[in-house]
Amino acid sequence: MLQSVFLLPFLAGTAVFFLPVKSGRLLLLATALFHVLITALEWFQATGPLQTQYFANTPEGMLVLGIMSFLFLLISIYTVFYMAEVEMSKEPVFNASMLLFLGAMSMVAVADHIIMLWVAVEATTLMSAPLIFVHRSKESLEATWKYVLICSVGIALALLGSFFIIFSMEMSTVHVPISFSSFNDVADQLNTVWLKAGFIFIVIGYGTKMGLAPMHTWLPDAHSEAPSPASALLSGALLNCAFLGVYRCHQLMVGAGLGDYSGNVLIAFGLVSMLVSAVFILNQTDYKRMLAYSSIENMGIIAVGIGIGGIAAFAAMLHMIHHSLIKSSLFLTTGNILLGYGTKSIDRTRGMLRLFPETAITFFAGFAGISGFPPFGLFISELLIVMGAIKTGRYVVISIFIFCLILIFAGASRLVMQMVFSSRDSDERLVPEQWSRALPPIILLLTSLTLVLWMPDSLFLTIQHAISSIGGTVNG
Amino acid sequence: MNISFSFASLAMLFAAFALAPLLMGVILKVKAFFAGKQGPPWLIKYHTLVKLLQKGSVYSTSTTFIFKLGPVVSFTTAVMLLLFFPFAGMAPVLSFHGDVIMLFYLLGLGRFFTVLAALDTASPFEGMGAAREVFFSSLAEAAIFVILALFFRLSGSLSFAEYFTGTHAVNLWSESAALILLVVIALFIVLLTENSRVPVDDPATHLELTMIHEVMILDHSGPDLALIEMGAFCKMLFYASFVSCLLFPFQTGTPFFNIIIFAMVMTLVYAGVGLVESITARYKMDTVPNYILTSFALVCFATILTMEFVL
Amino acid sequence: MIHISNILLALILLSVLLSLRSNRLMALVELMAFQGVMVSAVPLVLETAHGVTFNLILFFLLLVLVKGVLIPWLMYRAVKLVVVDREVEPIIGYNASLFAGLIMIVFSVYVTNNLHLNMLPMDHKLLLATAITTMGAGLILLMTRRKAITQVIGYLIMENGIYLIGTALAKQVHTQYVVEFAVLLDLIVAVLVMGIVLNDINHTFDDVDTTLMGQLKD
Amino acid sequence: MDTFLIALLLIAAGGLQALVTFRAYLLMKILAVSTIIGGCGLGLYNAVNQIFRQVEPFVCSCEWLQIFTFSLKIDAVSAFFLIPVFAISAVAALYSFQYMGDKERSAATAANYFFYALLIISMSLVVCADNLISFALTWELMSISSFFLVIYDFHKQAVRNAGYIYFFFTQAGALFIFAGFGCIYAHTGSFSFDAIAAIPESVKLTAFILILIGCGSKAGIMPFHIWLPYAHPAAPSHISAVMSGVMIKIGIYGIVRFYLLLAPTSVLFGQLIIVLGIVSGILGVVYALGKHDIKRLLAYHSVENIGIILLGLGIGMLGVATGHKTMAAFGFAGGLLHVLNHSIFKSLLFFGAGGLLRQTGTAAIDQLGGLMKRMPFTGRSFLVGSLSISGLPPFNGFISEFLIYYGAFHGLDLQGASFILTNLTILSLALIGGLAAACFTKVVGIVFLGEARSEAAAQASETGSLIIISQLILALFCLLIGIFPEPFVRAAFLASRSIPLLADFDSMQFLPVLSNIARTAALFLILFLLIAGIRKLLYSGKEITQSGTWGCGFTQPTVRMQYTGASYADSMVDFFRPFVRVQKKYSGINTVFPGKTTYSSHVQDTSETGLTLFLVRPILYLLGKLRWMQHGNIQLYIGYIVLAIVVMLIFI
């Protein structure tokens, strides 16, 4: 049953609230493992949902779910070892929220009903708030407040957008259940004006959650203040979920023949996001914020890729997969850095290569990956997006795109090089390196690497299937 | 490669080689004439050479093998030049299509070693001279290559033999005389530069600070100095012949007349050098580049003109 | 029936304008409770044209319970517990806010008239205009009030507006109570979470003025 | 399996084992160096074989990620570029054995060998890549591995800075290449190289310019060369040698390859390349003159030599566009041969510079002096390298420059802009040659001749034997190519045969020209020996005395009085003042009893200052202004959302 992907974490999460810490951790790991199994099961032989009007097994949903599940497994392993170091007073709350968060995200991935999707996305905000909040410092409170309020406002607008989309059906003569799959079937009969209006509000609403500028403002705060496993989950899984909402709506627009319009909107938001992240990555002083802005950038790239369509859509999907893997690896590594140095300031985390060689290597490899160097996957996706954009004649778009990429690379590489390579006077290590915490990020990177060398056919077919509905192909 | 071991060619080569010091004497005589003096004897340069060859040498403790290599290389390159030059319209001993490029680069090689030999002595003065030498000659070299380009445009050839003995010989008496006139002036400037004559350099001055070529060979003595001097004579001869061949086509049909006229034109050119030395003063060092650029500008102008004339 | 719905809408508009004008937090919470009840009643009044069903009434009661009682009560508690100074503290003055609200009304009527929604009945159009105004007022409160708690109220007013738009436009949703219930649940949890955070903010910052929370920036 | 792939595997094995065995330092080095040399040898054998036997191109491809194919093809051009890749890498590996001697940093050394192996492999794969995606992939691999090589000494601020600049340029360049590929892909719709020639002419130019910027930033073409003078001094010397000698040529390869693939007919391509060549060539050598750090100076010479290569290629392209066979054949052959030649003598020079650095601890020219006596082998091989890079006969640099001259001269019957550019080519080649000679007389004269200017230079001794041997090998090749150029020119010519115009060009046209040069060179050597013999004879039995240098009246000359590199080059740099800004700092004499006075001069790179002044600073300023956006104020943030809605609704 498809619903088990979110019911299981919900149940487990509720249980963890009341369990002692040790068994809570165990349950966390067990749930993560089972979630992977269920996801795999759904991936390979779709059992289908119980209530077809609310939930569905879609290729794009399965992609997001698959990434999320895999990430969650590694992040939960990391969390267990990480928590052992930080000695958090409310660890059960944290673990429970992790599971509830997973549940909400899984629900997003399988939701098909338009409002149900909204409910699930809003739930992700609420479930993840405690994750950011967990340190209870001034900064984390502020971050949580901004996160909850801005995202709630944004997502409320998405609800409005959903209403508009439903209304576009009611304006026309057809009557079908309010789910994306059934709407897609009648997309060409929907009222275009209301569909456009709905799309705008949905892009702005879910875009807030996805981190598209100028609605991205919560993202750097939340990502930098959350504990690293939570940041990894936010960046690697949550943003994809929000993207899924936008993507579903874009599908609808393409079906209604408004693909050009929605594509252009996505490209515009994508480029603004890239530009904004460029502004803040140059001269950034906090490495977690730097990574957060990099997430904004990459979400922008995905939006641009989807907006362009064709082979760029394929690239955008690849980009989503690899970005999740690499970015969560980076965030997990920052957890180790934070433990080792006790500060998030780039200026005071010098000489990593000498003090924490494994962390440094992982961090730099991740950075190389996120900057689009082979052997990591973003190389392919960025190349293909550039190619796809030029193929559709979007020269201005691609100029800005490349300009931003160069700026961001210039900013980030300076900072990362300073962190990794420069020398430091004191040899103080707050917490020494540990393989148990170093391994999950490495595995994530190796996964990205493996997916570059060899991609399973089923993954390829899923991507192909997912993008076929927005006119994306792999043959140009 | 065209090899001409004919008696005439070889004889011309040796004659040129043997007479190079004598022609230097012409300059001295002209200068003396203008100064109202009697001047040194005609054969003064031979005396100098013989004297030098008889002596031993003093080497600076700072120097290395480069210092001894310098004179040999510069002399060798000068000799190479003469091998390829068609004196008085005679076929040169050697020639091939493209030899001019090689020869001017060989000259560069000679200069390279002369300069290194100067730097080898650790003397600040010689360094100064070396710096000036490489600077001025690299500008002169650029001018030369523009001249070569112009010649190719006019004659389609790339060797001295073809320039002056080929079917499209370049000289003042051909249809592109106007251009050649510009080239002659330019080349004369290059001649003065490359051979360290007034107004670029004053070989007769006594203050090391103001010298170019002479200061570079301050520490050389004995046969080494003789080789350098001989090399310099050959180089001078080469440039003078170059100018002469442009001034007059030595194609009267009778080799004898050719040689006579050639000798006269050569004397004129040397006398011209002496004349210039007598009536002008040495330029300030920082105006020398502009002087060389004048020659450069002349040839460039000529080259641009070819775009109109030769289609 | 039309009259009743018109009266309802007028009351909602009034509450909106008053909330913009209000300078006491307590009054704002009370206004919100009142607005919640009115908003909950709207579908009941509108849908009666198609006949009042048992489900409809049940859902109306649930809505009143949540929007009119539970959430205002939570807010009330929060104000009592958290806020020392019960001034609203606007960034833009009350009169200016009120004026903005009036402009909002004009704007929404203009928008509604220009949408050419001929298929909608008249009262739906009015509802739409009211709803847009409500939403706009919520956004104005969000943007122009310093206190965190006022922002929560602003959010709730905006939510009310969106709910009203949904009522005006998307009929089909309101026949699917599972969905509506889920939306409502989200709202409750949102308010709960915000309340908890508010509480902690108060403990940490000694005030809920959001201008104090400007540490995270670039 | 093919020899080529075996060679690559061998090199890879050498690199990978270093990561495992780095605790046994010596063993690691022996294994790494020997396997890399073995692999390179095999690869070199294969490449030479490929080019001379003119067998069918080696092709190999495999499916990759469902939609791509990773395919390799070694045709004559690839094979030609493989020669310097493998040859120089092998010699540099040999050199590194003693050069990398810091046991303390065994892990870093291991990483260095690993990335070195990766660099060799990726360079050879770039050269063989047979579709857009393979090219892009291997290109990026090459970039990142070379980046790690540059920052070997990462604990130094200057090195990190250099690494950053390199990293930035390499990635920015790659994005331009991607954009160029996009232009191609947009019209062919496939990643393959096959249909590229069919795209419209106007697109060809756009694509070519984009690729030119990308490849040019790797190759060090003038306005994009800024990373070069930073990265080369920062890297260990054998890495500088490989980067300068080989890696930047891969940029040239990219230009050549895409020129061949695009097969344009317009003269614009050739003219563009010539203009770039002139700028890089002349300004490169002028900046080199003004530099006082030997490795930085050599880096600028790389820019200069890239300029010469471009001049050759540009002449070739002009020839192709105008159907002028001699011009095309000699231009391309000259350009390509200069690729090989430059890789040899530039590596040789970097090896020498590395040896100096290792023995004296300084790369500042004006701190050295008199090293010819203390480091005789290094000094002599450096001299050979200097003669070669100055393009003087009878060394290899002359051969390629001669071919370019030859091609350019034959292009003089063109009209209009092409004529002027051809003329300028000849002029700038001459000027470059003269200035390069000036610059290297400066280096050799100041560093190796005269008297030591510092204690370090006075105490220096000859470097390790392997370091010397690797230099001698290269020096030998400099002379060999200079005297027996035929096989090498033939290789370059065979490589340029891929151009349709030259397919039926008779290579016999080369032979007389080459044999003439070779014979003249031989004649020169004979004459030289003869005159040296005569000189010997003249000195026999004569008194030879030693004494101090004549001080022109100064009786107490000190070593500090010697001409320095800065003063040597001063007037020449001054001459190019509009393009070269010299910053001079002079403390002056202003009291009756003057204290210590100081004087320093620093040559600024115009393109660097221009880039900083007109691009980087305004952008940073503008972006800095935008930073208020993340104000920290939540009300403002909600305002952004509202603003976004309003804007979007306006554009609905």
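These exercises work through chain D and its contacts in a predicted model.

**Exercise 1. Confidence**

Find how confident the predictor is in the complex and in chain D.

*Solution.*
Step 1. Start with the complex. Its ipTM is 0.93 and its pTM is 0.94.
Step 2. Go to chain D. The average pLDDT is 91. A score of at least 70 is reached by 100% of its residues.
Step 3. Recall the general caution. Coordinates predicted at low pLDDT should not be read in detail.

**Exercise 2. The fold of chain D**

Describe the make-up of chain D, then decide how its radius of gyration stands against the globule rule.

*Solution.*
Step 1. Count the elements. Chain D holds 23 helices and 5 strands.
Step 2. Compare radii. The globule rule gives 26 Å for 652 residues, and the radius of gyration of chain D is 26 Å. The two values are close, so chain D is as compact as a globular protein of that length.
Step 3. Add the extents. The C-alpha trace of chain D spans about 95 × 70 × 60 Å along its principal axes.
Step 4. Check burial. Of the 652 residues in chain D, 61% count as buried.
Step 5. Check contact range. Take the contacts in chain D with a separation of 6 or more. Residues 24 or more positions apart make up 80% of them.

**Exercise 3. Which chains touch**

Identify the pair of chains with the most contacts, and find two pairs that do not touch.

*Solution.*
Step 1. There are 4 pairs of chains that touch. Chains B and D have the most contacts among them.
Step 2. Chains A and B do not touch. Their nearest C-alpha atoms are 40 Å apart.
Step 3. Chains B and C share no contact either. Here the closest C-alpha atoms lie 55 Å apart.

**Exercise 4. The B–D contact**

Work out which elements of chain B face chain D, and how strands pair across the contact.

*Solution.*
Step 1. Size the contact. It joins 59 residues of chain B to 61 residues of chain D.
Step 2. List the elements of chain B that each supply at least two residues to this side: β2 (57-60), α3 (65-83), α4 (99-120), α5 (124-155), α9 (222-247) and α11 (288-309).
Step 3. Pick the top contributor. α5(B) gives the most, with 17 residues.
Step 4. Sort by character. The side of chain B that touches chain D has 39 nonpolar, 15 polar and 5 charged residues.
Step 5. Look at the strands. β2(B) pairs with β3 (residues 544-547) of chain D in the parallel sense, over 4 bridges. B:Ser60 stands opposite D:Ser547 in β3(D).

**Exercise 5. The D–C contact**

Give the residue counts and the character of the chain D side.

*Solution.*
Step 1. Chain D gives 10 residues and chain C gives 11.
Step 2. The chain D side divides into 3 nonpolar, 6 polar and 1 charged.

Technical notes:
Residues are numbered from 1 along each chain as its sequence is written. Chains are lettered from A and ligands numbered from 1 in the order in which they are written. This is a predicted model: local features need pLDDT of at least 70, side-chain atom pairs count only at pLDDT 80 or more; totals for chains, interfaces and linings use all residues. Two residues are in contact if their C-beta atoms, placed from the backbone, lie within 7 Å. Ala, Val, Leu, Ile, Met, Phe, Trp, Tyr, Cys and Pro count as nonpolar, Asp, Glu, Lys and Arg as charged, and the others, Gly among them, as polar. Two strands pair if DSSP finds at least two bridges between them. pLDDT is the predictor's confidence in each residue, from 0 to 100. The radius of gyration is taken over C-alpha atoms; the globule rule is 2.2 Å times the number of residues to the power 0.38. A residue is buried if 20 or more other C-beta atoms lie within 10 Å of its own, exposed if 12 or fewer, and partly exposed in between; C-beta atoms are placed from the backbone.
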